[in-house]
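Trainee: Could you take me through one part of this model in detail? I would like to look at the sheet and whatever lies against it.

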Amino acid sequence: MDALFTWISRTPITAWDIVDVLVVAVIIYESLVLIRGTRAMQMAFGSALLVGLYFFSLAAPLQTVNWLIRNMIGYVVFAAIVLFQNDIRRALAHFGRTPFVRAFSRSENDDETIEEVVTAAVQLSERRVGALIVIERQIGLRNYIESGIPLDAMVTHDLLVTLFQTSGPLHDGAVIIQENKIAAASCFLPLTVNPSVGTDLGTRHRAAIGLTEENDAVAVVVSEETGRISLATEGQISRGFTAETLRARLTQLVLQRKPGRRTRPRP
C-alpha cells in the first residue's frame, strides 16, 4: 500500500485523467445497466472470473492455467459474439440513442415524426376519431407526462391511431411526443379559462389551448364530431388543416424552432 501511495503521489493528475476515468466509468455503468437481467449478465460474471483467474495464475504462478487461458481467450471472444449477437445488437442500438449521437440525426428523425403525426391525424380525421397529440419543443412537459401512462415508444401512425380508438383504455387524454418518442398516453392537460374561446370547441380543443398558453408546445387536435384537424400553439388554435398544410405548419413550428436552429421567415 505504501508503494501504491508513493506511485500515486509521484504521478501528476491532470484534467484529462479525470475525464478519462469518468468516460470509462460511464461506459461500464451503462453496460451493466444494459445487461442487467439478461443472459449477458452471466457472461459478464464468467468473464470477470476468467480475468481474475488469469492474474491469479501469474501471481501463483500456475503455468498450465495461464497457458490454457491465454490460448482459449480468442475462441471465447468469437463464441460470445455468436451466442450473444442479439444482446450486442441491442447494446449498439442503445448507445446509438444517446443524446450525443441523436444530435447528428435529429433533423431526419424530426421529419419522420412529423410525417407519422400527419398520417395519423389524417386517418383519425377520416374515421371521425377524436385525438389530441402534443409535441414538446424547448420547454419540457415532464409534469404532464407523469400524469399519463408511460410508453417510451417509437412514433408511428399505426400506434397513434390505435391509442385513440374508443375501445382502448388510453383513448382519453393526450399523447405527448418528446424527443421523437411517444413519452406517454392518456395525459391530463389544463383547460383554458379564456372567455373568448368559442363555445363550439370541445374539451380536447380547450385542453390544447390551455397547454399551449403555458408553454411552447404544439398540439394537434382531431374533432370527434366533424373530423376537422386543428392546430394549437401559443394559446391560439387554427382549424381546417389538410395533410399538406398540417405538414408545412408542423415543419415550421417544430423542425425550424429546435434549439440551435434559426426560424425561416414564413412565406
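Mentor: What follows is a walk through the sheet, then the helices lying across it, then one residue.

Keep in mind that this is a predicted model. The sheet is open and has 7 strands, in the order 2-4-3-1-5-6-7, with mixed pairing. At its edges stand strand 2 (149-154) and strand 7 (236-239); each has a single partner strand, so one side of each is left without a neighbour in the sheet. From one strand to the next, the twist averages 20°.

For one pairing inside this order, take strand 3 (residues 174-178) and strand 4 (residues 181-187), which pair in the antiparallel sense over 4 bridges. Within this part of the sheet, I176 stands opposite A184 in strand 4.

Now turn to the helices. Helix 10 lies across strand 1 (131-135), strand 5 (218-222), strand 6 (229-233) and strand 7. Its direction is at about 175° to strand 5. Helix 11 (residues 243-255) lies across strand 1, strand 5 and strand 6, and runs at about 15° to strand 6.

One residue of helix 10 is worth following. H205 lies in this helix, which spans residues 203-214. Is H205 buried or exposed? H205 has 8% relative accessibility, and because buried means under 20%, H205 counts as buried. Leaving aside neighbours within four places in sequence, H205 is in contact with V221, S223, S230 and I237. Of these, V221 falls within strand 5 (218-222) and S230 within strand 6 (229-233), while I237 falls within strand 7 (236-239).

Definitions and conventions
Residues numbered from 1 in each chain as written. Predicted model: local features only at pLDDT ≥ 70, side-chain atom pairs only at ≥ 80, totals over all residues. Heavy atoms only, no water. Helix = DSSP H or I, 4+ residues; strand = E, 2+ residues; numbered from the N terminus. Buried < 20%, exposed > 50% of the residue type's maximum accessible area, 1.4 Å probe, protein only. Contact = heavy atoms within 4.5 Å. Pairing = 2+ DSSP bridges. Axes fitted to C-alpha atoms, helices over the stretch in contact; angles between N-to-C directions.
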